[in-house]
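Let's take a walk through this model, going from one helix contact to the next and then looking at the empty spaces. Keep the structure open beside the text.

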Amino acid sequence: MSSYDLSNKLKKKDYEKALEHLQIELVKCQEWVKQEGLRVLVIFEGRDAAGKGGTIKRITEKLNPRVCRVVALPKPTEKEKSQWYFQRYVEQLPSAGEIVLFDRSWYNRAGVEKVMGFCTEEEYEEFLLACPEFERMLQRSGIILIKYWFSVSDEEQEKRFLERINTPIKRWKFSPMDLESRSRWVEYSAAKDKMFAHTDTKQSPWWVVDSDDKKKARINCISHLLSQIPYETIEYPDIELPEINKEGYNRPPMDEQTFVPDRFDKGDHD
């Protein structure tokens with residue numbers, strides 16, 4: 001869909017131009033999904049600091065939050081632990097006219113839960129058997145299911161972790177679990193390989209995003225996402241704004257209202 005050259009590292013101006021083009025297309029896609037009552041579910045998985053969050057942010061940036069919403073569930077409660085594993089995710093599935101982006105998903109069981117010992121071996125093996133069937137059920141119900149795995153090298157992940165640690169506005173992104181993911185790199189790799197072996201199916205494949213270059217990863221992922229959803233441009237009717245009739249209205253005196261202080265008044269800059 002994009003005509004931009006992605007063979008080399010993207011310059012900022014080229015990235016911004018490509019992103020603007022794709023975000024316009026995302027709005028068109030959103031309007032078509034809403035009009036046609038489509039149900040779209042997009043799963044984002046990958047190692048910590050692989051770039052999932054940044055891509056999701058650029059997808060949702062210009063969209064209507066009532067049509068496109070992000071699901072990032074916290075760890076399960078004791079009650080949820082006693083439920084069918086997929087139950088809390090089912091509650092978040094898209095309704096007609098909705099796009100739902102899962103920032104991590106039921107694949108937690110095949111990754112962090114397996115590696116960190118948060119589930120039993122029986123629960124893990126059952127998940128690998130049940131997951132493809134569950135996803136086929138979703139697709140038979142009419143849900144458009146798209147799965148992305150963000151792949152990042154250990155060198156690039158280390159660079160991003162250090163940036164998170166040393167940058168105040170990014171420090172919140174770093175957690176003790178990130179340290180564990182670094183120290184258990186091999187275990188996570190083995191878990192990912194086994195997960196792919198069971199769940200990378202013809203009906204529901206994993207689309208791998210090379211994310212060492214964040215900008216390129218975002219453009220590639222969004223462009224591919226648009227190619228997976230059949231949509232058409234909706235023609236909007238011409239709109240003429242009516243004149244405002246202020247007859248009979250008297251605004252209360254301005255000094256009777258409490259305004260937020262203007263920090264730039266009288267040269268108050270910082």
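Start with helix α8 (residues 176-183) and helix α9 (residues 185-199), which pack at an angle of about 80°, with their axes 4 Å apart. Bear in mind that this is a predicted model. Angles from 65 to 115 degrees count as roughly perpendicular, so that's the label α8 and α9 get relative to each other. On the α8 side, the contact involves Glu180, Ser181, Arg182 and Ser183, and these meet Trp185, Glu187 and Tyr188 in α9. Sorted by class, the contact of α8 with α9 has three charged residues, two polar and two nonpolar.

Now stay with α8 and turn to its other partner here, α7. The axes of α7 and α8 are 12 Å apart, and the two helices pack at an angle of about 160°. Anything over 145 degrees counts as roughly antiparallel, and therefore α7 and α8 are roughly antiparallel to each other. The crossing of α7 past α8 is left-handed. From α7, the residues making the contact are Asp154, Gln157, Glu158, Phe161 and Arg164, while α8 brings Asp178, Ser181 and Arg182. What does that mix look like by class? Five residues in the contact of α7 with α8 are charged, two are polar and one is nonpolar. You may recognise two names: Ser181 and Arg182 of α8 take part in this contact, and both also meet α9.

Helix α7 turns up again when you look at the second largest pocket, which holds about 200 Å³ of space. Its lining is made up of Lys9, Leu10, Glu156, Lys159, Arg160, Glu163, Asp212, Asp213, Lys214 and Lys215. Two elements give two or more residues to that lining, namely α7 (154-166) and α10 (214-227). With four residues, α7 gives the most. If you're thinking about electrostatics, here's the class count for this pocket lining: nine charged residues, one nonpolar and no polar.

The other element in that list, α10, leads us to the next helix pair. Helix α2 (residues 52-60) and α10 have axes that come within 10 Å and cross at roughly 55°. That angle fits neither the parallel, antiparallel nor perpendicular ranges, so α2 and α10 are oblique to each other. Here the crossing is right-handed. Gly54, Thr55, Arg58 and Ile59 of α2 make the contact with Arg218, Cys221, Ile222 and Leu225 of α10. The class split for α2 against α10 is four nonpolar, two polar and two charged.

Two residues from that contact, Ile59 and Leu225, carry us to the last stop, because both are in the lining of the largest cavity, given that lining residues have an atom within 4 Å of a cavity point. How many cavities of 30 Å³ or more are there? The count comes to one. The largest cavity has a volume of about 60 Å³. Alongside Ile59 and Leu225, its lining includes Leu26, Cys29, Gln30, Val42, Leu63, Cys68, Ile99, Leu101, Leu226 and Ile229. The elements that give two or more residues to this lining are α1 (12-36), β3 (98-103) and α10, and α1 gives the most, with three residues. By class, the cavity lining has eleven nonpolar residues, one polar and no charged. Set that beside the second largest pocket, whose lining has nine charged residues and one nonpolar.

Note on methods:
Residues numbered from 1 in each chain as written. Predicted model: local features only at pLDDT ≥ 70, side-chain atom pairs only at ≥ 80, totals over all residues. Heavy atoms only, no water. 1 Å grid on protein atoms, 1.4 Å probe; cavity = no way out; pocket = protein on both sides within 12 Å on 5 of 7 lines; lining within 4 Å. Points joined across faces, edges and corners; volume = space filled by probe spheres on them. Nonpolar A, V, L, I, M, F, W, Y, C, P; charged D, E, K, R; others polar. Axes fitted to C-alpha atoms, helices over the stretch in contact; angles between N-to-C directions. Parallel < 35°, antiparallel > 145°, perpendicular 65-115°, else oblique. Left-handed = near helix turned anticlockwise from the far one by under 90°. Contact = heavy atoms within 4.5 Å.
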